[in-house]
Amino acid sequence: MACESALPAIMDEQALMGLNPNADARYRQRALAYFEQLKESLDGWEVCAEALSKGVYSDDHVKFFCFQVLEHQIKFRHGSLTAAQQQLIRETLMKWLQAQLMNVQPEMPFIRNKAAQVFALTFVTEYLTLWPKFFFDILTLVGLNPNGIDIYLRTLMAIDAEVVDRDILHSPEKVMQLWNDMRFLSLVLQETRRNTLIKDTMREQCIPALVESWFQILQTYQHTHSELTCQCLEVVGAYVSWIDLNLIANDRFVNVLLSHMSMEELREEACDCLFEIVNKGMDPVDKTKLVESLSRVLQSAGFFNVEQEEDVDFLAKFSRLVNGMGQSLVLSWTKLGKTGDGKVSAETLRALEAKVPLMLQLLIHEDDDISANIVGFCYDYLHVLKQLPVLTDQQKSNVEAIMLAVINKLKYDDEYNFENEGEDEAMFVEYRKQLKMLLDRIAQVSPELLLESVHRVFNSTMQNWQTVQFMEVEVAIRLLYMLGEALPASHGAHFSGDETKASTLQAMMRTLISCNVSEYQHSSVSLEFFETVVRYDKFFLVDPQHIPNVLMAFLDHRGLRHRSPKVRSRVAYLFSRFIKTLHKHMNAFIEDILSRIQDLLELAPPENGFPALLSSDDQLFMFETAGVLIVNGESPAERKQALMRSLLTPLMEAFRMLLAKLPQEATEERQTVLADCLSHAVGFASRTSKAFSNKQTVRQCGCSEVYLDCLQTFLPALSCPVQRGPLRSAVRSFLHRMIICLEEEVLPFIPAASQHMLKDCEPRDLQEFIPLISQITAKFKNQVSPFLQEVFMPLVMAIFEVLSRPAEENDQTAALEKQMLRRSYFSFIQTIASSGMNEVMASQGAGNIERVLFTIIQGAVDFPDPVAQKTCFIILSRLVELWGGKDGLVGFPDFIYKHIIPACFMAPLKPTFDLSDAQTVLTLSECTLTLHMIHLKRGLECIQFLQEYLPSLQVSPEITQELCQVLQQPDVKVLKNYMKAFFQQAKL
């Protein structure tokens, strides 16, 4: 890093060494510290300015560093700089720019971009006041020097980003900032006003000169410097949205752009530039004239002869341009229709119709990018046709042509990788979604045409599916599937109502099932077959005779035993849906199905090296399906019990064996594998219980005993010394299900289970255990009161113990776990209080009650978590209602005055209590309701206390009196509004 001249103030050379990306951490840290030092220093930046203006350093990273320091001064310190220092910044930039004109090799692009950003920041800060001749000075200096022109054009794009670009203004970060800090709104408004003033001033003073410079650059460098020319075209495209269009949309400019359309290196950028011109907002009549003028020029130059063009990248840009032209005409037609100018509207429609042949050529193009870029115009054109009272023959023909193009473009190509889908495949899936939108729009314009065409394509393909390529077969079935959304029916009732539609769909479904296309040896066809069968599952209510054929397809090599894991996985889910819908028609097949899927219901042993046909997630659907078949069959309860036992007994046996082996495993890896297997067994048993309903309960089906056996089998896992987390989580989930299914029969198991789950708890264990206890409390109430009285303090003590454990200061995961546990704890107390089970807390003894009450006060006031605070105030309000009256808990009224009323004021007065946050406002609402409840229970005594207490908070006598009066009137809404205003004023 050579120093080319001595500096009056020498830069820290060792710190600068840390700017190199390959420098070690020590030097990099020093460079960072030096950067901060220069930023904060009042005149340290001047060293960097001098280094730039004199070209002291040749190292690119040091140059970039100097620009960064300068950028920080302009962005954050400009207002505090002296006039001489501001002049120094301008001189530095111009000297650096002048040096670029002499350079044989231009600077690296990242330095030129950073320099352009600094130029743009200086422009935005000084143009309206200190540097009105900004562009004049730059253009005078650079002339047509290519290095200078490059910086000039980059600066223009950087100015566009600062002053115009809406995406920059509304970035997600700034939007979030807007929500989180309303002061940002005023900053945005100031910025918007400043930007508007800058653009207005530029229009008055320099835009014609800038446009002239662009024209000169385009003419000068179009043949010799394509990169500069493309940059200039990008600038024109960016600025055309807010400058006078006549400066650009004139013969000399358009002729230059058209000539660029014929130059290989410039044509794509020229296309983008024309797109921006067409996209400019303007009067609908003027827009139509502009588009038509451009259209005539492009057509006469031969650009509409799409089939002769081989450059697909250019055609993709051209397709986007035509799309913009078409959508502009649609927008003009829509606006003109509202003004009632029928003649001009009809002319615009004719102009629009004239573009349809070109649109169709681009839509049907074999390159999907070219086709995708015109979809917007197609969609909007169909929307126009939908609004017309009657379609002409030509318009009907256009609709049909679009539909045939869509059908053709929906097809996969040979290169699509179905087993390992990557980025290209994902892009085609998105493109297919766009095509589906077109099909849906066609259905709105001409549903009869769509139905008839799909029927024709479908029948023709199904007759010869054995000799047709897979993509043809897949798309034929896909079209039938798509009709379900394109021609919607209430609750999937496609086979009733409109007779033509119902009979056509019925005929196609019969063909789909009877032609044996499910035998086609390609995964995409297999998947589409099953997706379609399930979409139209109501068909089998009309034609149940087809059920056996479809069941066999699900069960054999075509479905659940297909060679593709992807097909097997999806079919497991679809089979579950199919059985759920048609369970009433399954009675004759139940035992046959259960027999055929028996091997798919086995718990895959961890020792087995062979991959299972289905993953454990897929098996969940299979167990649910088996459960649905058993529960909804017409067999007597004894038979249902026998079938359910035969389904669950293998799981229980495997569970016992694996649980016995688990503690003996030496490695954690093996323990994890076994624990996963045990968790799956519990999950599968749990999933079968989803088949039960209010009409078919566990008890009615005679299955209680089986599930109680499962409980007895699974509960010992809670005391397993290893892999406690996953095992407890699995058993806990099973208990949740059993509380719903077995009801009070589960209660004898709860005390022992709770005792095990409260041992050696982690925050997450407790957090997941509390909802279980809350579920029991809410469901069984007084039935579980003795148990809750017994478990209440052990649970509370376990929570206190976990919350008191020390954690690293910056350990956000631990902090979040504690926050979630705190929320769960307060939620548990709320469940007990709201279930009317005050005896659970009242029986814990005065010391314990007080301890719990203090945690609720602490949660309401001290922790800046509005979700937990809201819950705490709900609890306090409920406890006041239960214990705050004359015959309430002894000593509680004293607690109200010493702690609850102060909490209602101290919490909202905390700096962290943000009244602009919606969740916090809800907390304040509950806080207000707590005060209201205290007044209801204690009456005048409460008012007298407030008159003594509020002055201690420096509340004036007038406001104290006013608050007490509002509290005494019955309308709670008035009190809520008053309290919000009270605290807003107090926090000023």
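# Exercises on an all-helical predicted model

K781 is partly exposed, with a relative accessible area of 38%. The structure treated in these exercises is a predicted model.

**Exercise 1.** Determine where K781 lies and what is notable about its backbone.

*Solution.* Begin with the location: K781 belongs to the loop between α38 and α39, the latter covering 785–804. Next, consider the backbone: phi of K781 is positive, about 45 degrees, although the residue is not a glycine. For context, most residues other than glycine have a negative phi. Finally, place the accessibility: the 38% of K781 falls between the cut-offs of 20% for buried and 50% for exposed, so the residue is classed as partly exposed.

**Exercise 2.** Carry out the analysis for Q954: in which loop does it lie, and is it buried or exposed?

*Solution.* Q954 sits in the loop that links α46 (940–949) to α47 (957–968). Its phi is near 60 degrees, a positive value in a residue other than glycine. With a relative accessible area of 69%, Q954 is exposed.

**Exercise 3.** Describe the packing of helix α38 (residues 763–780) against helix α40 (residues 812–834).

*Solution.* First, take the geometry: the two axes come within 9 Å and cross at roughly 15 degrees. An angle under 35 degrees counts as roughly parallel, and α38 is therefore roughly parallel to α40. The crossing of α38 past α40 is left-handed. Second, identify the residues that meet: α38 contributes P763, L766, Q767, I770, I773, S774, T777 and A778, while α40 contributes E817, M820, L821, S824, Y825, F828, T831 and I832. Third, sort this contact by class: ten residues are nonpolar, five are polar and one is charged.

**Exercise 4.** Describe the packing of helix α25 (residues 470–486) against helix α27 (residues 523–535), and state which classes of residue form the contact.

*Solution.* The axes lie 9 Å apart, and the packing angle is about 20 degrees. Given this angle, α25 and α27 are roughly parallel to each other. α25 passes α27 in a left-handed crossing. On the α25 side, the contact includes F470, V473, E474, I477 and R478, and on the α27 side it includes S524, V525, E528, F529 and R535. By class, the contact of α25 with α27 has eight nonpolar, three polar and six charged residues.

**Exercise 5.** Locate H491 and give the separation of its C-alpha atom from that of K538.

*Solution.* H491 is in the loop between α25 and α26 (499–514). Its relative accessibility of 74% places H491 in the exposed class. Along the chain, H491 and K538 are 47 residues apart, and their C-alpha atoms are separated by 9.6 Å.

**Exercise 6.** Which residues have the most contacts inside the largest nonpolar core, and what does W214 touch?

*Solution.* The largest nonpolar core has 335 residues, and those with the most contacts inside it are M202, W214, F318, F578 and F905. Leaving aside residues up to four places away in sequence, W214 touches Y152, L156, C232, V235, V236, Y239, I243, I248 and F253.

**Exercise 7.** Summarise the protein as a whole: how many helices and strands does it have, and what are its overall dimensions?

*Solution.* The protein has 48 helices and zero strands. Its C-alpha trace spans about 90 × 90 × 65 Å along the principal axes. Of its 988 residues, 51% count as buried. Among contacts with a separation of 6 or more, 73% join residues 24 or more positions apart.

Terms used. Residues numbered from 1 in each chain as written. Predicted model: local features only at pLDDT ≥ 70, side-chain atom pairs only at ≥ 80, totals over all residues. Heavy atoms only, no water. Core = buried A, V, L, I, M, F, W, Y, C linked by side-chain atoms within 4.5 Å. Buried < 20%, exposed > 50% of the residue type's maximum accessible area, 1.4 Å probe, protein only. Contact = heavy atoms within 4.5 Å. Axes fitted to C-alpha atoms, helices over the stretch in contact; angles between N-to-C directions. Helix = DSSP H or I, 4+ residues; strand = E, 2+ residues; numbered from the N terminus. Parallel < 35°, antiparallel > 145°, perpendicular 65-115°, else oblique. Left-handed = near helix turned anticlockwise from the far one by under 90°. Nonpolar A, V, L, I, M, F, W, Y, C, P; charged D, E, K, R; others polar.
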